Each structure stands twice: as structure tokens, then as C-alpha cells.
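Got your viewer open? Load the model below and follow along, one selection at a time.

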Amino acid sequence: MPTTTSPVPTDASVLPQAGGATVRKALFWDRIAPKYAADPIADMPGYEATLQRVQALLSAEQEVLEIGCGTGTTALRLAPFTRRLLATDVSAGMIAIAQGKLAAQPVPQLSFAVADADVPVCGKEAYDVVLAFNMLHLVSDLDHTLQLAVQALRPGGLLISKTPCIGEMNPLIPWLALPLMRAIGKAPAVLNFEGPGLHAAMTRQGLDIVSVERHGTRGKDIRLFIVARKPPEFAHSPGGPLPRLGGRGPDNFINRSNP
Ligand SMILES: C[S@@+](CC[C@H](N)C(=O)[O-])C[C@H]1O[C@@H](n2cnc3c(N)ncnc32)[C@H](O)[C@@H]1O
């Protein structure tokens with residue numbers, strides 16, 4: 001079946017405008033953006049291992065979209081290995097800091113834009129790679145976000161993600177500590193899934209799991225690094241994602257830690 005592709009957007013003006021829901025999602029992140037930018041990376045060897053791994057998957061021919069890029073640290077490191085990287089985040093505060101870093105350290109392949117990963121990007125099937133680091137546990141509907149990421153990918157393209165699986169933590173954290181912190185504005189809403197739930201969500205959107213890794217070097221590592229491929233023969237079904245698995249089972253249980 002022929003696929004429709006549209007050009008990759010080159011600047012923020014062509015991205016969908018922020019609606020009320022998007023603005024609300026950004027509130028927490030806008031508030032903490034300066035602190036997030038100032039905090040050191042907790043596990044630098046683990047972070048560097050992920051960067052090396054991703055870099056090995058990138059090439060100078062690829063158009064890359066990053067969703068939830070935060071203050072752009074990772075995009076600045078990876079963009080030189082791509083043809084172009086558009087790094088997006090729902091938080092204008094995060095993107096303002098990222099723009100400042102880019103101005104201080106220009107990388108011609110890189111641009112930043114405010115965009116909600118839950119709203120379709122311009123440029124359907126326009127990207128070879130979609131990157132999602134430390135953000136898939138933060139969206140309100142994982143299946144919907146993954147569906148949009150798959151739509152943005154060309155057939156054969158890669159979704160490369162690293163995601164804290166909150167369901168693998170001590171249960172007191174998702175069921176007690178996080179809701180309390182959220183009540184006082186110190187934590188965002190998070191999805192509570194384990195690794196199998198995340199794989200299953202990707203598979204439900206028609207992605208093939210290429211690799212599942214853990215790069216952490218300190219204690220128990222709940223951050224799952226997953227490379228998933230959109231099959232070359234992928235066909236978008238008008239009613240939603242292609243069913244690859246049966247319905248939700250106990251191993252793909254996903255809910256919010258703060259119901
Ligand atoms: C924990 S930070 C991770 C930032 C960066 N990817 C990193 O690894 O350091 C999560 C980021 O996801 C962004 N985010 C949360 N929900 C989002 C959404 N629906 N669309 C786009 N970005 C989102 C937040 O604004 C925040 O910058």
C-alpha cells in the first residue's frame with residue numbers, strides 16, 4: 001500500500017499550537033525547569049552508555065524527532081550524528097533553556113520547539129528515528145503517545161526510548177510517596193508499569209522490539225532502554241493501531257500512581 005509522507009517541519013511555526021490541555025501539562029515542568037537544568041545527572045556512566053548506544057544507531061542521513069527533550073542536553077550531544085534533529089518538549093520553560101544552550105553551543109543540525117507528544121506532529125512518516133528519553137511514563141495515555149510516535153516514523157524507522165518503569169520500584173513509592181509528593185506539587189503524574197507492560201504497549205502499536213537493555217551502573221536499574229522498529233510493511237489502519245496482541249493482560253497492566 002502506498003504511504004503518504006509529508007515534509008519534516010523545519011521550525012516551530014509549523015508545529016501545532018498549544019491548546020489548554022498542553023498548557024496544563026507543562027505547568028509542573030515549566031516550574032521546575034531551572035532546577036532540572038542545574039541538577040547533575042545521577043548516573044553519568046549509565047547516561048554515557050546510553051548515548052554511545054544511541055549514537056551507534058544514528059547516521060548522517062537520518063531525520064530525527066525527539067519528544068520530551070527537556071533542556072536539550074541529550075539532543076545537543078546526538079544531533080551532530082544526524083542529518084537533522086528536531087527536539088520537542090511540552091514545556092516552554094524547558095525549551096527556553098534548551099534554546100539558550102544551543103545559542104551558546106551552535107549545532108547546525110539541531111532545532112528545538114515546544115510541542116506536546118500527545119498531539120500529532122506535522123510530518124507524518126517523516127522521521128527515521130523518534131527518541132523518547134525519560135518521558136513515556138509521564139504521558140496520560142501511553143498507547144496514544146506511542147501511536148503518534150509510530151505515525152511520525154517512516155516504515156522501517158526506529159523508536160529509541162529509555163523509560164523509568166515505576167512498577168519495578170518498591171510499591172511504597174508509586175502508591176504512597178509519589179501521590180504525596182504530587183499532592184504538594186513536588187512530583188508529576190506518572191504511569192505505573194513494569195517492563196513487560198511497556199513492551200506490550202509498543203507491540204500493540206505494531207512495533208517490533210529490537211532490543212531491551214539496562215545501562216544503569218548504580219543499584220537496581222528500573223530504566224529500560226528499548227529499541228523498537230516500525231516494520232517496513234507497516235500499514236496504518238484508519239481506526240487506530242494494528243492489533244498485534246490480544247487485549248490487556250496482567251503483564252501489561254498500566255495505571256497511574258495517583259488515581
Ligand atoms: C524527566 S524529563 C526528561 C527530559 C529529557 N528527555 C531527559 O532525559 O533529561 C521529562 C520531560 O518530558 C516532558 N514532557 C512531559 N509530558 C510531555 C508531553 N506530553 N509531550 C512532550 N513533552 C512532555 C517534560 O516537559 C519534561 O521536560
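The tour goes from a helix to two loops and ends at the ligand.

Before you click, note that this is a predicted model, where local features need pLDDT of at least 70, side-chain atom pairs count only at pLDDT 80 or more, and totals for chains, interfaces and linings use all residues. Residues are numbered from 1 along each chain as its sequence is written.

Start by selecting residues 142-152, helix H5. Helices here are DSSP runs of H or I with at least four residues, strands are E runs of at least two, and both are numbered from the N terminus. Eight of the eleven residues in H5 are buried (20 or more other C-beta atoms within 10 Å of their own, against 12 or fewer for exposed and partly exposed in between, with C-beta atoms placed from the backbone). Among them are Leu142, Leu146, Leu148 and Val150.

Now add the partners: the buried residues of H5 pack against strands S1 (63-67), S4 (127-133), S5 (153-164) and S6 (191-192), plus helix H7 (195-204). Contact means C-beta atoms, placed from the backbone, within 7 Å.

Next, the loops. Pick Glu125, between S3 (110-114) and S4; its phi is positive, near 55°. Glu125 is partly exposed, with 18 other C-beta atoms within 10 Å. Then jump to Asn134, in the loop between S4 and H5, where phi is also positive, at about 55°. Asn134 is partly exposed, with 14 such neighbours within 10 Å. Most residues other than glycine have a negative phi.

Last stop: the ligand. Which residues are the closest to the ligand? They are Trp29, Gly68, Gly70, Val90 and Ala117, out of 19 surrounding residues (C-beta atom, placed from the backbone, within 6 Å).

Conventions
Contact = placed C-beta atoms within 7 Å.
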